[in-house]
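This report goes through the parts of one protein chain and its ligand. Look at the sequence and the structure before reading on.

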Amino acid sequence: MAKIQAIRGMNDVLPTQTPAWQYLEQVMRDLLAAYAYQEIRFPVVEQTQLFKRSIGEVTDIVEKEMYTFEDRNGDSLSLRPEGTACCVRAAEQHGLLYNQTQKLWYMGPMYRHERPQKGRYRQFYQMGVEAFGMSGIDIEAEMLMLSRDLWQRLGIADVLILEINNLGNPEDRKRYGETLKEYLLDHREALDEDSQRRLEKNVLRILDSKSPQTQEILKQAPQLPDHISADSAAGFQQLLEILTQAGIPYQVNNSLVRGLDYYNGVVFEWTTDKLGAQSAVCSGGRYDGLSKQLGGTATPGVGFALGMERMILLLEELGRLPVGISRTVDLYICVIGEGVRQQALILAGEIRRKIPALRVLTHCGGGKYNSQLKKAFASGAQCALILEGEAAQTEIKLRVLDDSGETSTVAVESVFDSLSGLFDLEQFD
Ligand code: ATP
Ligand code: MG
């Protein structure tokens, strides 16, 4: 029978790779805690309508990329292609948006039926941040500072560039959309196919069309900044000033629109030239109309999401993963002979109770002295306790796992003293 394989574009994360993931997740959790953001979790499956109404019907995600299916009741459900719509749905449903502000984050898998390639998968992980109930530009500034702090903590700030744009308030966006559409209708036949389709429902998206001919036509088009109202433009200027003050370099890119329909105001994207075609690592913006669009009360919202696989690729490619994260064992217990099996397991338990953070691997499954010692070395542990014999022992060997081969014999009762001599126990507090 043919072996069953994973679904194309959906990755297993193997034990050799999980330390990098755990490291990234830990740095993120610590940073989000430092900004006093709270975690929210929501389901992987939602009603298809949620995404159609938020992301927009004429977007790549909804038109081509969603995993949509009927469940046994005949309801149309979709695997979530992103988290913002889910987060707004959950927050609204549980009254978190009523007369209060929220600073939230989430982490988890998203699903898009795209062509798999390096940095682009059908199941991929995002960490996202969403803030509700705040209409000033201070929250945008804070989020950009948060993202920049993350790059700094990860040691990748030097390879990421911030592109930023202002889509204006919702009326500006609507007015500009109409003006742009009027202009583009005169050039309809010359536009690429996608852009022709977008003319009706998502005209702003044409601005970041990849087609050179469409870009040529856009050169003469009415420009977005000329259609932004004074208050929105002033807010954007203030934001740029804060970025400068905070030492965050940026590039204003008036073609940056983002592929989701719900944005207004500030939109941004962090990109890198180190990942080939998959250059976007983190993107977001303001979406004040979204909760109302989903049937809730109008609530200002700002958020971003970052692609965790792309982060890890970047960390690996640049060699910026800290050394030592792959080490998962501190102490290796060799068990030579069935006579010491029970003693070894009990002793390991005692050590773990005394030093809870010490990572103790008990060798299970038997094997000769040399092969167990080899495994102890390969595990990366700092030292090995060696129990050997036909019956429980009063003395055991303690071997430092470096080139010195330093080995001592210790009484079972004084194992802890010897271990505290070897390990810097404060690090395990
Ligand atoms: P792209 O332009 O690369 O398709 P996007 O604009 O569709 O990205 P968003 O919807 O803004 O991406 O998602 C936020 C982040 O999630 C992206 O910046 C990227 O890092 C990551 N991401 C998006 N799609 C994928 C995917 N299919 N595989 C891996 N990561 C992805
Ligand atoms: Mg995409």
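## Terms and model

Two strands are said to pair if DSSP finds at least two bridges between them. Strands are DSSP runs of at least two residues, numbered from the N terminus. An example of a bridge is the one in which Arg286 has Val302 in β11 as its partner. The model described here is predicted.

## Domains

The chain falls into two parts. Domain 1 covers residues 18-169 + 229-318, and domain 2 covers residues 331-428. Taken over C-alpha atoms, the centres of domain 1 and domain 2 are 47 Å apart.

## The sheet of 8 strands

One open sheet has 8 strands in the order β1-β5-β6-β11-β10-β9-β7-β8, and its pairing is mixed. Its edge strands are β1 (38-39) and β8 (251-252), each of which pairs on one side only. Strands of a sheet pair through backbone hydrogen bonds, and the pairing can be parallel or antiparallel.

Within this order, β10 and β11 stand next to each other. The two strands are antiparallel and are joined by 5 bridges. The pair Arg286 and Val302, with Val302 in β11, was met above.

## The ligand and its shell

Which residues are closest to ligand 1? They are Arg112, Glu114, Arg120, Arg258 and Ser283, out of 15 residues that surround the ligand. By type, the shell divides into 6 nonpolar, 4 polar and 5 charged residues.

Three side chains place an N or O atom close to an oxygen atom of ligand 1. For Arg258 the distance is 2.3 Å, for Ser283 it is 2.8 Å, and for Gln126 it is 3.0 Å. On its own, ligand 1 has 580 Å² of accessible area, and the protein covers 86% of this. Three elements give two or more residues each to the shell: β6 (123-132), β10 (280-286) and β11 (301-307). Of the elements, β10 gives the most, with 4 residues. The strands β6, β11 and β10 follow one another in the order of the sheet of 8 strands.

## The sheet of 5 strands

A second open sheet has 5 strands, ordered β13-β12-β14-β15-β16, again with mixed pairing. Here the edge strands are β13 (360-362) and β16 (407-411), and each pairs on one side only. From one strand to the next, the twist averages 25 degrees.

How many bridges join β15 to β16? There are 5, and the two strands run antiparallel, with β15 made up of residues 395-400. Glu395 stands opposite Ala411, a residue of β16.

## Strands β2, β3 and β4

Strand β4 (residues 76-79) pairs with strand β2 (residues 45-47) in the antiparallel sense, over 3 bridges. In this pairing, Gln47 has Leu77 of β4 as its bridge partner. Strand β3 (residues 68-70) is also joined to β4 by 3 bridges, and these two strands run antiparallel. Thr68 stands opposite Ser78, which is in β4.

What do β3 and β4 form together? They form a hairpin, with 5 residues between the strands. In the turn of this hairpin, Gly74 has a positive phi of about 85 degrees.

Methods:
Residues are numbered from 1 along each chain as its sequence is written. Chains are lettered from A and ligands numbered from 1 in the order in which they are written. This is a predicted model: local features need pLDDT of at least 70, side-chain atom pairs count only at pLDDT 80 or more; totals for chains, interfaces and linings use all residues. Side-chain values use heavy atoms; hydrogens and water are left out. Domain bounds come from an automatic or database domain assignment. A residue is near a molecule or strand if one of its heavy atoms lies within 4 Å of it. A polar contact is a pair of N or O atoms within 3.5 Å; within protein, one must be able to donate a hydrogen and the other to accept it, and residues adjacent in sequence count only if both atoms are side-chain atoms. Accessible areas come from the Shrake-Rupley method with a 1.4 Å probe; for residues, only the protein chains shown count as cover. Ala, Val, Leu, Ile, Met, Phe, Trp, Tyr, Cys and Pro count as nonpolar, Asp, Glu, Lys and Arg as charged, and the others, Gly among them, as polar. Axes are lines fitted to C-alpha atoms, for helices over the stretch in contact, and angles run from 0 to 180 degrees between N-to-C directions.
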